[in-house]
Number of protein chains: 2
Amino acid sequence: MSYSIGDVVKKTGLSAYTLRYYEKEGLLPFVKKNASGVRAYSDEDLRWLTMIECLKDSGLQIKEIRQYIEWFNEGDSTLSQRLSLFENRRKILEKEMARLTVVMNKIRYKELLYREAIRVGNLEIATNEKRFMQLKKKLFESPDDFDK
Amino acid sequence: MSYSIGDVVKKTGLSAYTLRYYEKEGLLPFVKKNASGVRAYSDEDLRWLTMIECLKDSGLQIKEIRQYIEWFNEGDSTLSQRLSLFENRRKILEKEMARLTVVMNKIRYKELLYREAIRVGNLEIATNEKRFMQLKKKLFESPDDFDK
DNA sequence: ATAATACTTAGAGTTTACTCTAGGTGTTGA
DNA sequence: TCAACACCTAGAGTAAACTCTAAGTATTAT
């Protein structure tokens, strides 16, 4: 099966601009064109797009994705480079998730605090309630830095 | 206590460029300047920087942070807008963490796969091993989309 | 006193990942 | 056949968040 750029737009949700841009940047090095220059995407190309989306979601930049594709095309001699890439990504994602957990706690504290502030009609009163003082102390190293 | 921009650079790790940029963008509306125009940051300003960092980490854009600061300065009449902001952020962070969990599984699969590929010296052999086929099926809706 | 250092402003430049425009070619249905 | 539509390229424009430059003033250490 082969697909026009319009088909791929519908399948992937990417814009035609973006698909051409990816190609220009060296992702999708195998998209064929017919006699009049019109792109015909293969199922293989669609699988690459799935992989590109995953790598993008993991935080890779486009030039890093291009590097990965180049390694892939060089075959088994680049297995260790590709392993390194995935190891590094895993570590970065772990850090990112830890970071988000910390931020989430802070935002949840604020959400609870503002619910209470609305209940009593005043932010300062809520902030100074014992249970919020305690929560703040539990969540933050420098609790007062977080009163803004 | 008051601090020069250089002091704040050391304390926060932000560059002087960035600090001036934040001010230009309406974050830090209270930074004082001495007779010759030199910035003197207060402890209050430093607390704002802590809050700004948190909001930035939660994914807010600078103009949204400015809006929050404006609401804060308008006092208790804007409590509900601020609560909405934190609720929305919490929801977005929840989605983001769910997204990262999915990506993490895919990257971990790749990491394991490439370890095995290096062990046997060939990616295809590893990919076709029963346990990796099973893992792939467990992790992805369209397993073969993930062989790139 | 003077050199080094820190600071000021306005505005230009950078990076990333698109997103769009202009001007044109090719395909298809009534 | 001819209008509508999908496609093409090269290159310009956009948004966000910085990052830096130039030209000048102020402060501080010796």
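Guide: A word on terms first: helices (H or I, at least four residues) and strands (E, at least two) are DSSP runs, numbered from the N terminus. Ala40(A) is found in one of them, strand β3 (residues 39–42) of chain A.

Visitor: What sort of model is this, and how are residues and chains labelled?

Guide: This is a predicted model, in which local features need pLDDT of at least 70 and side-chain atom pairs count only at pLDDT 80 or more, while totals for chains, interfaces and linings use all residues. Residues are numbered from 1 along each chain as its sequence is written, chains are lettered from A and ligands numbered from 1 in the order in which they are written, and side-chain values use heavy atoms, with hydrogens and water left out.

Visitor: Back to Ala40(A). Buried, exposed or partly exposed?

Guide: Ala40(A) counts as partly exposed because its relative accessibility is 24%. Buried means under 20% relative accessible area, exposed over 50%, and partly exposed in between, with a 1.4 Å probe and protein chains only.

Visitor: Which residues does Ala40(A) touch?

Guide: Contact means heavy atoms within 4.5 Å. Leaving aside neighbours within four places in sequence, Ala40(A) is in contact with Ser2(A), Tyr3(A), Val31(A), Lys32(A) and Asp45(A). Tyr3(A) is 37 residues from Ala40(A) along the chain, but their C-alpha atoms are separated by 5.2 Å.

Visitor: And Arg90(B), where is that?

Guide: Arg90(B) is in helix α5 of chain B. Arg90(B) counts as buried because its relative accessibility is 16%.

Visitor: What is Arg90(B) in contact with?

Guide: With neighbours within four places in sequence left out, the contacts of Arg90(B) are Met104(A), Ile107(A), Arg108(A), Glu111(A) and Arg115(A).

Visitor: New topic, the DNA. How many residues surround DNA strand D?

Guide: There are 18 residues around DNA strand D, and the closest are Gly6(A), Lys33(A), Arg39(A), Tyr22(B) and Lys63(B). A residue is near a strand if one of its heavy atoms lies within 4 Å of it. Of the atoms of DNA strand D that come within 4 Å of the protein, sugar and phosphate account for 73%.

Visitor: Which side chains have a polar atom by a phosphate oxygen of DNA strand D?

Guide: Among them are Arg39(A), with a polar side-chain atom 2.8 Å from a phosphate oxygen, and Ser36(B), with one at 3.2 Å. For Arg20(A), a side-chain N or O atom is 3.0 Å from a phosphate oxygen of the strand. A polar contact is a pair of N or O atoms within 3.5 Å; within protein, one must be able to donate a hydrogen and the other to accept it, and residues adjacent in sequence count only if both atoms are side-chain atoms.

Visitor: Which helix gives the most to the surface near DNA strand D?

Guide: That is α2(B), with four residues. By class, this surface has six nonpolar, six polar and six charged residues. Ala, Val, Leu, Ile, Met, Phe, Trp, Tyr, Cys and Pro count as nonpolar, Asp, Glu, Lys and Arg as charged, and the others, Gly among them, as polar.

Visitor: What about DNA strand C, which residues are closest?

Guide: The closest of the 18 residues around DNA strand C are Tyr22(A), Ser4(B), Gly6(B), Lys33(B) and Arg39(B). Here sugar and phosphate make up 71% of the strand's atoms that come within 4 Å of the protein. A polar side-chain atom of Lys33(B) lies 2.6 Å from a phosphate oxygen of DNA strand C, and for Arg20(B) the distance is 3.0 Å. The largest share of the surface near this strand, four residues, comes from α2(A).

Visitor: Pockets next. What volume has the largest pocket?

Guide: About 560 Å³. Of its 22 lining residues, Glu141(A), Asp145(A), Leu49(B), Thr50(B) and Glu53(B) are the closest to its centre. On a 1 Å grid over the protein atoms alone, a pocket is an open set of points where a 1.4 Å probe fits, with protein on both sides within 12 Å along at least five of seven lines; lining residues have an atom within 4 Å of a point. Grid points are joined across faces, edges and corners, and a volume is the space filled by probe spheres set on the points.

Visitor: Which element supplies the largest share of that lining?

Guide: α3(B) does, with nine residues. The lining of the largest pocket divides into nine nonpolar, four polar and nine charged residues.

Visitor: And the second largest pocket, how many residues line it?

Guide: It is lined by 13 residues, with Thr50(A), Glu53(A), Val102(B), Lys106(B) and Glu141(B) nearest its centre. Its volume is about 270 Å³. α3 (43–57) of chain A and α5 (79–120) of chain B each supply at least two residues of this lining.
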